[in-house]
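These are my notebook entries on one model, written down in the order in which I looked things up.

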Amino acid sequence: GSVMVFDIASGKKTPVYSSSVRTGEHADPVWQVQWQCEDYGKERTFYSVSSDGRVAKWHMSKDELKMELAMLLKQAASSLTAGSDKDTTPVSASNEAN
């Protein structure tokens, strides 16, 4: 998924910044964005998280949006079935009661 930054104060309907294959993109939809509060003299940055498991840090320089991989999230394996409190882990033959 792409990320775009708009200047809503200007009233323009086109993004000021837009991600691309060259600048970096998520492989799946972006679910959340969080601005990073920093000193005003520095680049403005924000983070995005996507269902592709990547947390990206975006740097807005004067004329370009740059992506930096901040973290890779992995889904934890679970032996519980959704909506169930019973363990559904298969039992091997050596663990079965006779």
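Before placing any residue in a strand, I note that a strand here is a DSSP run of E with at least two residues, and that such runs are numbered from the N terminus. The model I am reading is a predicted one.

**Entry 1: Gln36.** With that settled, I looked up Gln36 and found it in strand S3. I then asked whether Gln36 is buried, exposed or partly exposed. Since buried means under 20% relative accessible area and exposed means over 50%, Gln36 counts as partly exposed because its relative accessibility is 33%. Setting aside the neighbours within four places in sequence, I list Thr45, Phe46 and Tyr47 as the residues in contact with Gln36. For Tyr47 I also took the C-alpha to C-alpha separation from Gln36, which is 7.1 Å in space for a pair that is 11 residues apart in sequence.

**Entry 2: the whole chain.** I went on to the inventory of elements, which gives 6 strands and 0 helices, and reading along the sequence I wrote the pattern down as β-β-β-β-β-β. The protein has 98 residues, of which 21% count as buried. Its accessible surface comes to about 7800 Å², with 53% of this belonging to carbon and sulfur atoms. When I took the contacts between residues at least 6 apart in sequence, 30% of them turned out to join residues at least 24 apart.

**Entry 3: the sheet.** I traced an open sheet of 4 strands in the order S3-S4-S5-S6, and its pairing is antiparallel. Strand S3 (30-36) and strand S6 (65-72) stand at the edges, and because each has a single partner strand, one side of each is left without a neighbour in the sheet. For the twist I noted that neighbouring strands of this sheet are turned by 25 degrees against each other on average, with direction ignored. As background for this entry, strands of a sheet pair through backbone hydrogen bonds, either parallel or antiparallel.

**Entry 4: S5 and S6.** I followed one pair in detail: strand S5, residues 54-60, pairs with S6 in the antiparallel sense over 7 bridges. The two strands S5 and S6 form a hairpin, and 4 residues lie between them. Checking the register, I found Val55 opposite Met71 in S6.

**Entry 5: the salt bridge.** How many salt bridges does a search of the whole structure find? The search returns 1, and I located a salt bridge between the side chains of Asp52 and Arg54, at 3.1 Å from N to O. Asp52 is buried, because its relative accessible area is 19% and the limit for buried is under 20%. Arg54, by contrast, counts as partly exposed because its relative accessibility is 22%.

**Entry 6: a nonpolar patch.** Finally I turned to the surface, where Met4, Phe6 and Ile8 make a nonpolar patch of about 360 Å². I picked out Ile8, which is found in the loop between strand S1 (4-5) and strand S2 (17-18). Ile8 counts as exposed because its relative accessibility is 78%.

Methods. Residues are numbered from 1 along each chain as its sequence is written. This is a predicted model: local features need pLDDT of at least 70, side-chain atom pairs count only at pLDDT 80 or more; totals for chains, interfaces and linings use all residues. Side-chain values use heavy atoms; hydrogens and water are left out. Patches are made of residues with over 30% relative accessible area and no salt bridge: like charges are joined within 9 Å, nonpolar side chains (Val, Leu, Ile, Met, Phe, Trp, Tyr) within 5 Å. Accessible areas come from the Shrake-Rupley method with a 1.4 Å probe; for residues, only the protein chains shown count as cover. A salt bridge is a side-chain nitrogen of Lys or Arg within 4 Å of a carboxyl oxygen of Asp or Glu. Buried means under 20% relative accessible area, exposed over 50%, partly exposed in between (1.4 Å probe, protein chains only). Two strands pair if DSSP finds at least two bridges between them. Axes are lines fitted to C-alpha atoms, for helices over the stretch in contact, and angles run from 0 to 180 degrees between N-to-C directions. Contact means heavy atoms within 4.5 Å.
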